[in-house]
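Q: Could you take me on a close look at one part of this model, the strands and sheets of the first chain, and then show me how that part sits in the rest? I'd like one connected walk rather than a list.

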Amino acid sequence: MYLQIKDVSKTFGTFTALSGVDLSIEKNEFVSLLGPSGSGKSTLLRLIAGLEQPTTGQVLIDGQDVTALPPYQRGIAMVFQDFLLFPHMTVRENLLFPLRMLRMNRDDAEERIDWCCRILSLTALKDRFPNQLSGGQQQRVALGRGLVCRPKVLLLDEPLANLDRELRRDMEIEIRSYQIQLGIPFVYVTHNQEEALSMSDKIAVVNKGGIEDFAEKSAVYDRPKTRFIAQFVGRSNVFTGPVEAATEGKAIQWHGQRIALGQALNDSNASSASAYIKIEDTLIEAANANPSGKIAGTLRDVIFRGQYAEYLVTVDGGQEVVASSIDSATRVKPGDPVLLSWDTAKLDVFPDEVAA
Amino acid sequence: MSPLFQGWLKLSESQRFLVVTAPVVLFLALFFLVPLGSILVVSFWRTESYQLITDWNLQNYIDVLTEPSYRTFMLRSVLTALIVSLSCVALAWPIAYFVIRHGGRYKLLLVVGLAVPFLTGIVLRVIALQGVLGPIGLLNMGLMHLGLPPFEALMYTKTATVVGLVYLYLPFVTTAIYLSLLNFNFRLLDAAKVFGAGNMRAFWEITWPLNWVGTVIGFALTFVPSLAASITPRFLGGADGTLFGMAMGSQFSATGTWSLGAAMGVVLFFVAGLTLFTISRLIDLKRSGFTGAGGRD
């Protein structure tokens with residue numbers, strides 16, 4: 001393991017930001033720390049950086065215990081959300097800064113800066129000051145400053161949050177390609193699941209100061225391990241209600257509808273549960289099909305999203321369910337009666353905690 | 001709508017500009033340019049037995065620039081102002097830094113608190129200092145109480161003048177540096193530390209240059225009035241502590257040589273102006289971190 005976090009906790013006064021976090025990252029992995037704001041993901045990153053000291057636990061980089069080391073002795077670099085370029089230095093001087101601190105000799109430093117400017121297309125901007133750059137250019141300089149000293153680990157703290165959508169998409173691809181090129185782990189903090197899903201190899205879902213799951217991104221997306229992940233990652237319809245026995249397995253009684261659970265909850269005696277189905281796994285068709293095992297409703301509206309559309313369906317019983325699909329594939333209009341269905345195996349079912 | 005407001009609406013853009021700026025221009029002309037101009041004029045005249053005589057000559061300037069005592073006073077004034085401003089900067093930095101970092105929601109209160117002595121007026125403050133530094137002042141009484149010998153030479157020395165002036169101008173410098181630090185993004189220091197700087201290095205590489213303009217403004221705010229100081233050295237400075245501003249003041253009161261005083265004023269004006277010019281050359285706005293400075297090219 002290249003970067004290891006062992007049983008790390010961090011408290012600020014009476015507030016517990018992180019408790020008992022373990023995380024191991026391989027040398028060539030792109031890992032996202034995904035979580036809502038206040039979940040502790042930024043604190044975790046700052047602990048790896050050495051900008052905060054853990055209350056308990058250890059941080060190891062490349063086998064070395066760096067817990068007690070200051071940031072600059074850890075061989076890490078960081079890209080910040082608001083870039084934090086030094087405003088009184090030109091692009092070149094900003095890139096030179098980490099090298100100057102390493103006391104690298106002039107020729108080597110210039111070579112590094114040239115390399116950096118080349119891969120990030122900054123050569124023409126070398127003599128500008130940060131306030132003469134656009135957001136995307138500043139972002140590239142911030143990235144360059146992170147890469148120029150060839151760190152052992154690059155930490156990225158929501159680096160795309162301040163960029164507009166289109167630029168963000170381009171930068172996602174670029175950042176991913178630099179990671180592959182350099183072969184060092186990138187630890188990327190974000191609250192944006194699209195970013196996490198598009199760039200990372202693995203995702204650590206952070207919630208309330210702990211890691212809910214750390215797994216391949218497809219596993220996190222397709223098989224959420226906890227209720228929180230099911231809610232937070234992707235968009236899902238949720239059916240919550242009392243559990244009852246059905247002809248095959250169990251079912252949730254949901255506002256007069258019966259949601260069959262297949263094999264789920266077979267070993268559980270929970271009296272109530274929630275079932276999640278991703279909106280893209282929720283299928284919609286016109287009401288003239290075979291209605292058996294499907295849920296009937298009325299199409300309320302269609303939200304066109306470009307490559308796909310979201311169908312807002314009011315089911316019989318008054319609740320709303322969303323289905324997404326390629327627009328042209330579904331010939332239904334608002335007001336039409338429709339049928340909803342899904343593969344029962346794709347439901348993620350979590351028993352509700354029993355209220356004491 | 002009042003007729004006044006209707007009239008305002010009828011004015012063109014440039015007329016409105018005139019209405020708004022005229023009072024300011026008038027004020028400056030009447031109370032700044034006119035006195036300054038008359039000082040300049042008087043400095044080329046002559047005074048004899050408390051009478052101004054209007055024959056144009058350069059004698060006052062020759063006196064100011066060649067008379068050894070005036071040169072001494074000027075040199076002493078420049079040196080005093082330099083020591084005072086540097087001391088103020090050195091003291092104000094830690095104060096302002098501490099207030100910004102640890103002041104929490106009492107930041108403003110703490111900075112305002114520093115200016116409380118201002119409410120008592122300059123004379124009272126200088127006299128209070130006399131009470132502390134004087135031969136039987138608080139400091140010496142304390143020393144004697146502890147069985148230690150008193151400071152013979154504290155009051156009525158150049159040191160006393162410096163202490164008095166530092167005391168006087170410290171709040172200005174602190175406020176200037178405080179305001180500068182208020183706009184400083186301390187998270188830049190996180191970046192500096194991640195990229196290899198220790199605490200001290202981060203300060204000199206990032207904090208200091210990005211608050212340089214505020215520091216220079218604080219310096220100038222102290223230097224210029226210290227250069228012309230007359231009340232503080234008169235009360236605290238003693239017989240051999242005469243400063244240029246004091247000597248100038250006496251031309252207008254005791255000796256009644258107004259035109260010589262005026263010439264001294266003009267010289268002081270130029271020395272102060274030259275200092276400000278030199279200081280302004282030390283500022284590179286592009287490197288100040290001010291957004292907008294420089295602009296896109």
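A: Let's start with a single residue pair: A:L3 has A:I61 as its bridge partner in β4(A). That pair belongs to the antiparallel match between strand β1 (residues 3-12) and strand β4 (residues 56-61) of chain A, which is made over five bridges. Keep in mind as we go that this is a predicted model.

From β4(A) the chain goes on into a hairpin. Strand β5 (residues 64-65) of chain A runs antiparallel to β4(A), and two bridges join them. One of the pairings puts A:L60 with A:D65 in β5(A). The hairpin leaves two residues between its strands, and A:D62 takes a positive phi near 50 degrees there.

Now for the mixed sheet of chain A. Six strands make up this open sheet, and reading across you get β6-β7-β8-β3-β9-β10, with mixed pairing. At the edges stand β6 and β10 (210-216) of chain A; each has a single partner strand, so one side of each has no neighbour in the sheet. From one strand to the next, the twist averages 20 degrees. For a parallel piece of this sheet, look at strand β7 (residues 153-157) and strand β8 (residues 186-190) of chain A, which pair over four bridges. Within that pairing, A:L155 sits opposite A:V187 in β8(A).

How does this fit the annotation? UniProt, in an unreviewed entry, places the feature "domain: ABC transporter" at residues 3-233 of chain A. Over residues 3-233 of chain A, the chain is 36% helix and 26% strand, with end C-alpha atoms 25 Å apart. The domain assignment splits chain A into domain 1 (3-230) and domain 2 (236-351). Between the C-alpha centres of domain 1 of chain A and domain 2 of chain A there are 39 Å.

Further along chain A comes another open sheet. Five strands form it, in the order β15-β19-β16-β17-β18 of chain A, and here the pairing is antiparallel. The edge strands are β15 (283-286) and β18 (320-325) of chain A, each with a single partner strand, so each has one side left without a neighbour in the sheet. Ignoring direction, neighbouring strands of this sheet are turned by 45 degrees against each other on average. To see the pairing up close, take β15(A) and strand β19 (residues 337-341) of chain A: they run antiparallel over four bridges. There, A:A286 stands opposite A:V338 in β19(A).

So much for the sheets; what does chain A touch? The contact between the chains takes 20 residues from chain A and 21 residues from chain B. On the side of chain A that touches chain B, β6 (76-79) and α2 (91-101) of chain A each supply at least two residues. That brings β6 of chain A back into the picture, the strand we met at an edge of the six-strand sheet. By class, the touching side of chain A has 16 nonpolar, three polar and one charged residues.

Across that contact, chain B is built from 14 helices and two strands. Its radius of gyration is 24 Å, well over the 19 Å that the globule rule gives for 297 residues, so chain B is more spread out than a compact globule. Along the principal axes, the C-alpha atoms of chain B fill a box of roughly 80 × 70 × 45 Å. The domain assignment gives chain B a domain 1 (1-42) and a domain 2 (59-287), and the C-alpha centres of domain 1 of chain B and domain 2 of chain B lie 35 Å apart.

The record has something to say about chain B too. In an unreviewed entry, UniProt places the feature "transmembrane region" at several stretches of chain B, among them residues 168-189 and 210-236. Residues 168-189 of chain B are 82% helix and 0% strand, and the end C-alpha atoms lie 33 Å apart. For residues 210-236 of chain B, the span is 85% helix and 0% strand, with 37 Å between the end C-alpha atoms.

Methods. Residues are numbered from 1 along each chain as its sequence is written. Chains are lettered from A and ligands numbered from 1 in the order in which they are written. This is a predicted model: local features need pLDDT of at least 70, side-chain atom pairs count only at pLDDT 80 or more; totals for chains, interfaces and linings use all residues. Two residues are in contact if their C-beta atoms, placed from the backbone, lie within 7 Å. Ala, Val, Leu, Ile, Met, Phe, Trp, Tyr, Cys and Pro count as nonpolar, Asp, Glu, Lys and Arg as charged, and the others, Gly among them, as polar. Domain bounds come from an automatic or database domain assignment. Two strands pair if DSSP finds at least two bridges between them. Axes are lines fitted to C-alpha atoms, for helices over the stretch in contact, and angles run from 0 to 180 degrees between N-to-C directions. UniProt positions are given in the numbering used here, feature names are shortened, and annotations may be inferred rather than shown by experiment. The radius of gyration is taken over C-alpha atoms; the globule rule is 2.2 Å times the number of residues to the power 0.38.
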